[in-house]
Amino acid sequence: MTTAVFDSPLGSVRISGDNKGVSVISCTDISVREIGSETGLAGSLDEPVREAVRQLQDYFAGTRQTFDFPLNPAGTAFQQTVWRALLDVPFGTTLSYLALSRRIGDEKAIRAVAAANGRNPLWIVVPCHRIIGSDGSLTGYAGGLWRKQWLLEHEGAFARSSQLSLF
């Protein structure tokens, strides 16, 4: 497994994975310098990690809306189902937790869906930030609500309120 770290508008982005795919993408307030020289963009990176770095840098530059490198997150079967459903929420749109529960076929699983959403190990790429409260509020984001708001503004989700899907 290899790890790359680079600076972004959200802080340092850490990407870990191997030749099977990227397993973790997260953001931290710790700068690349503070993390240390064992990570970064130099050195030997597995190809999916290298491609993830390139695509995420393009995303932050505003030139990419989708990702196509291999993913390999660890999770339960239910979590994997929720994460796959998140991949169907388009760039620049939002969806409520209730609507996401309906998409996976179990409206009553809303709390379990919210919990799986919160355990998503592939921030940004598996777009858990696009899931909001039924009232339109920015609820729950492991990286902090300021990051969720930044991502949604970056994607133009607030400017496209006609595409807001709550139910």
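Which residue of S2 does Ser8 stand opposite? In this predicted model, Ser8 stands opposite Gly11 in S2. I shall begin with the conventions and then work outward from that pair.

Residues are numbered from 1 along each chain as its sequence is written. Because the model is predicted, local features need pLDDT of at least 70 and side-chain atom pairs count only at pLDDT 80 or more, while totals for chains, interfaces and linings use all residues; side-chain values use heavy atoms, with hydrogens and water left out. Helices (H or I, at least four residues) and strands (E, at least two) are DSSP runs, numbered from the N terminus.

Let me turn to confidence. pLDDT is the predictor's confidence in each residue, on a scale from 0 to 100. For the protein the mean pLDDT is 89, and 87% of its residues reach 70 or more. Among the elements, helix H3 (residues 77-86) has the highest mean pLDDT, 98, and helix H1 (residues 32-35) the lowest, 60. Over residues 160-167 the pLDDT is below 50, although this stretch has 22 contacts in the model beyond near neighbours in sequence; contact means heavy atoms within 4.5 Å. Where pLDDT is low, the predicted coordinates should not be read in detail.

Now the sheet. Two strands are taken to pair if DSSP finds at least two bridges between them. Three strands form an open sheet in the order S1-S2-S3, with antiparallel pairing. Strand S1 (2-8) and strand S3 (21-28) are the edge strands, each pairing on one side only. From one strand to the next, the twist averages 20 degrees. Seven bridges join S1 to S2, and S2 (residues 11-18) pairs with S3 over seven bridges. A hairpin joins S1 to S2 through two residues; a hairpin through two residues also joins S2 to S3. Along the pairing of S2 with S3, Ile15 has Ile25 as its bridge partner, Ser16 stands opposite Val24, and Asp18 stands opposite Gly21.

How many of the eight residues of S2 are buried? Six are buried, so S2 is largely enclosed by the rest of the structure. Here buried means under 20% relative accessible area, exposed over 50%, and partly exposed in between, with a 1.4 Å probe and protein chains only. Helix H2 (residues 47-61) lies across S1, S2 and S3, running at about 150 degrees to S2. Axes are lines fitted to C-alpha atoms, for helices over the stretch in contact, and angles run from 0 to 180 degrees between N-to-C directions.

I move next to H3. Its buried residues are Gln79, Val82, Trp83, Ala85 and Leu86. Seen down the axis of H3, these residues fall within an arc of 160 degrees, so they line one face of the helix; the arc is that of the directions from the helix axis to the C-beta atoms. The buried residues of H3 pack against helix H4 (97-103), H5 and S5.

One of those H3 residues, Leu86, leads to the annotated position. The unreviewed UniProt entry lists Cys128 for "active site"; UniProt positions are given in the numbering used here, feature names are shortened, and annotations may be inferred rather than shown by experiment. Where does Cys128 lie? Cys128 is in the loop between helix H5 (110-118) and strand S5 (131-132). Is Cys128 buried or exposed? Cys128 is buried, with a relative accessible area of 4%. Not counting residues up to four places away in sequence, Cys128 touches Leu86, Asn117, Asn120, Tyr141 and Lys148.

The loop between H5 and S5 also holds Ile124. Phi of Ile124 is near 70 degrees, a positive value in a residue other than glycine. Ile124 is buried, with a relative accessible area of 1%.

My last item is Thr93, placed in the loop between H3 and strand S4 (95-96). Thr93 is buried, with a relative accessible area of 9%. Thr93 and Ala157 are 64 residues apart in sequence, yet 5.0 Å apart in space, C-alpha to C-alpha.
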